[in-house]
Amino acid sequence: MAVLGLAMHRAEPQQGGVATGVASAPQYDAQKRPITAGGFVEKGTVVFEDVTKQAGLSGWRHKMGTPAKDFIVETNGSGVCLLDYNNDGWLDIYLVNGSTFNALDGKEEPPHAALFRNNHDGTFTDVSTQAGVANDRWGYGCSVADYDNDGWPDLFVGNYGKNRLYHNNHDGTFTDVAEKAGVQLGNWSTGSAWGDYDGDGLLDLYVAGYVHFDRSNLPVGGSESMGYSFCQYRGVGVNCGPRGLIGEPDHLFHNNGDGTFTDVTAKAGVEDKNRYYGFTAIFADINGDGKPDLVVGDDSTPNYLYINKGNGTFEDDSYLSGFALNADGREIASMGIAAGDYENNGLLDFFVTDFGDDYKVLFHDDGGGNFTDVSYREGVAQTTIPFVGWGDGFIDYDNDGWLDLFMVNGHVYPQVDRHDWGTTFAERPLLFHNVPVATGKGRRFEYVPPVVGSGLAVVIPARGAAFGDLFNDGKTDVVINPIDGPPVLLRNVNPDHHHWVEIQLVGGVNSVTGKKSPRDATCATAYLTANGMRQRGDVLASGSYISANDRRLHFGLGDATEAGTLEIHWPSGGKETVKLPAVDRIYTITEGKGITGALCGGKPCATPAAGKVP
């Protein structure tokens with residue numbers, strides 16, 4: 001579960017147990033509320049507004065196990081994916097749901113996942129039943145990719161039990177082809193990632209495994225299955241794990257191009273021999289060589305970073321890169337991973353959420369595939385310690401051209417609400433604004449206080465979160481999938497009037513080499529030079545906490561009225577430069593063809609959008 005890492009005591013029944021960090025002193029606000037559910041201010045800029053009810057999302061409810069959360073399988077919650085499933089130019093929402101033991105046993109109706117179609121008017125309609133994506137299994141993560149290059153996004157769902165691979169039928173429906181494709185697996189899959197690791201133009205699939213959970217031998221504290229050891233948090237009995245439990249291995253599946261996949265985990269050098277507790281995985285080009293590398297956030301165990309060697313194999317640089325552990329040399333309870341270039345220096349940084357009593361880690365990309373923990377230096381460590389962090393994202397919420405940080409939070413133990421520990425089961429989100437350091441050299445993050453009644457003051461047991469422009473207005477919104485409750489849609493209402501551009505990339509054929517990019521351009525990297533800065537954007541199929549964000553690249557332009565020039569590094573190895581003719585538009589750029597479409601206010605622009613530069 002996203003969870004911590006409490007220590008398992010094996011010798012004899014004992015009191016105690018620790019998370020990855022050290023128990024911190026309780027923090028309260030002026031009204032004596034735990035800071036995780038307090039700390040609100042009466043006045044200030046309202047950045048987000050909760051529009052869940054108005055959008056028509058409040059009728060759906062996530063459910064995972066019982067409220068008591070007796071077992072780790074009931075605690076982790078589920079992800080959320082943003083995808084344009086019907087190719088109408090507007091983002092739709094897919095919310096993964098959990099289940100219960102009774103539902104698995106056929107004793108009650110299983111909870112269903114929800115696909116909400118965007119109605120283009122600020123509202124959404126649940127079409128999950130007719131679309132065939134209700135997933136009556138115990139769901140966790142999801143990812144989005146066009147794995148068969150037919151121009152329509154497909155959907156992978158990781159379950160406790162067999163996984164789903166929903167193939168898009170182009171008519172508003174999906175068909176589960178996981179068994180035929182060979183990617184069902186069977187115990188507990190969480191996050192997943194897509195990337196063309198071998199350069200054949202076909203997207204391959206990586207699936208993270210968490211805990212091998214055996215219902216015939218349940219992990220009950222003090223029982224024989226746990227070696228008669230107790231599972232405790234701050235001296236109170238809680239569900240067991242993940243430490244002390246057997247992990248579920250990760251898998252890399254090679255896309256065979258015929259609708260099937262082959263497990264190449266060991267052959268490719270990404271075998272999870274230690275059976276770490278895997279959560280979020282992301283394919284992205286980390287070292288700038290045009291080949292997708294792989295990062296995996298592991299709960300209470302070291303993270304993985306695999307560098308693509310370009311010959312169909314990877315090198316495990318987890319420790320060498322500095323990504324495996326935090327600055328203290330400790331593993332953390334990694335849950336969510338945000339990827340973004342927050343310094344606008346062309347390098348991809350990572351922000352990793354973690355359990356409470358520990359700071360959340362900002363890994364600065366030093367170049368060459370090397371990372372440094374700069375959490376305290378950049379201002380994100382101290383504020384985050386009391387919170388149990390999950391979904392996260394680098395988002396430019398005010399379109400000033402600098403990526404800010406957003407994270408959602410929620411505890412895993414209901415017991416915390418019955419003790420004076422300064423923390424709560426339901427927690428509020430955190431937002432950090434990217435600002436220049438006082439000396440004028442470098443960047444840091446400044447905490448944005450939550451205004452009473454605003455979206456930042458929403459207190460929920462959050463888990464998955466996805467970030468994207470749901471209203472096609474150039475502002476990045478947030479969809480949150482809490483555990484055991486309705487979703488939350490936070491609309492970006494920041495009062496800035498900054499300009500922006502968004503880019504949807506479509507892969508094609510490299511005219512020089514003849515190599516193909518995946519149709520949806522997954523793992524393409526683009527650099528926008530505008531407004532006196534050079535920003536980086538990456539097309540990613542996964543991220544946050546076992547979720548998937550808007551695949552369109554978003555660039556804030558501040559007050560600039562020139563949209564700038566985009567330099568695209570395609571997965572095929574080709575590079576292309578495109579002059580963007582106007583601001584405040586959503587452009588479609590096709591490899592080798594330049595701009596092939598543009599939306600203004602969610603509709604085709606009145607004037608043609610040309611502008612390819614030879």
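Colleague: What is the strand order in the open sheet of four strands?

Modeller: It's 1-30-29-28, with antiparallel pairing. Strand 1 (48–50) and strand 28 (464–468) each have a single partner strand, so they stand at the edges, with one side of each left without a neighbour in the sheet. Neighbouring strands here are turned by 20° against each other on average, direction ignored. Bear in mind that this is a predicted model: local features need pLDDT of at least 70, side-chain atom pairs count only at pLDDT 80 or more, and totals for chains, interfaces and linings use all residues. Residues are numbered from 1 along each chain as its sequence is written, and side-chain values use heavy atoms, with hydrogens and water left out.

Colleague: What counts as a strand here, and how is that 20° defined?

Modeller: Strands are DSSP runs of E, at least two residues, numbered from the N terminus. For the angle, axes are lines fitted to C-alpha atoms, and angles run from 0 to 180 degrees between N-to-C directions.

Colleague: How do you know that strand 28 pairs with strand 29?

Modeller: Pairing takes at least two DSSP bridges between two strands. Five bridges join strand 28 to strand 29 (residues 477–481), and the two run antiparallel, so by that rule they count as a pair. One residue to look at is alanine 465, which stands opposite isoleucine 480 in strand 29.

Colleague: Is strand 28 largely enclosed or open?

Modeller: Enclosed: five of its five residues are buried, so the rest of the structure largely encloses strand 28. Buried means under 20% relative accessible area, exposed means over 50%, and partly exposed is in between (1.4 Å probe, protein chains only). Both faces are covered, with Gly464, Ala466 and Gly468 buried on one side and Ala465 and Phe467 on the other.

Colleague: Why is serine 542 called buried?

Modeller: Its relative accessible area is 4%, so serine 542 is buried. You'll find serine 542 in the loop between strand 33 (533–538) and strand 34 (553–558).

Colleague: What makes its links to alanine 281 and serine 192 polar contacts?

Modeller: A polar contact is a pair of N or O atoms within 3.5 Å; within protein, one must be able to donate a hydrogen and the other to accept it, and residues adjacent in sequence count only if both atoms are side-chain atoms. The backbone oxygen of alanine 281 is 2.7 Å from a polar side-chain atom of serine 542, and the side chain of serine 542 reaches the backbone oxygen of serine 192 at 3.3 Å. Leaving out residues up to four places away in sequence, serine 542 touches several residues, including Ser143, Ile282 and Ala548; contact here means heavy atoms within 4.5 Å.

Colleague: Which backbone feature stands out at asparagine 399?

Modeller: Asparagine 399 has a positive phi of about 55° although it is not a glycine. At 1% relative accessibility, asparagine 399 counts as buried. Aspartate 484 also has a positive phi, near 55°, but at 22% aspartate 484 counts as partly exposed. Aspartate 484 is in the loop between strand 29 and strand 30 (488–492).

Colleague: What makes one space a pocket and another a cavity?

Modeller: On a 1 Å grid over the protein atoms alone, a cavity is a set of points where a 1.4 Å probe fits but cannot get out, while a pocket is an open set with protein on both sides within 12 Å along at least five of seven lines; lining residues have an atom within 4 Å of a point. Grid points are joined across faces, edges and corners, and a volume is the space filled by probe spheres set on the points. The largest pocket holds about 610 Å³, and among its 29 lining residues, Asp84, Asn87, Gln504, Leu505 and Arg552 lie nearest its centre.

Colleague: And how many cavities of 30 Å³ or more does the search find?

Modeller: Three, over the whole structure. The largest cavity has a volume of about 590 Å³ and is lined by 37 residues, with Ala339, Phe394, Asp538, Asp550 and Arg552 nearest its centre. Strand 28 turns up again: strand 20 (337–340), strand 24, strand 28, strand 33 and strand 34 each supply at least two residues of that lining.
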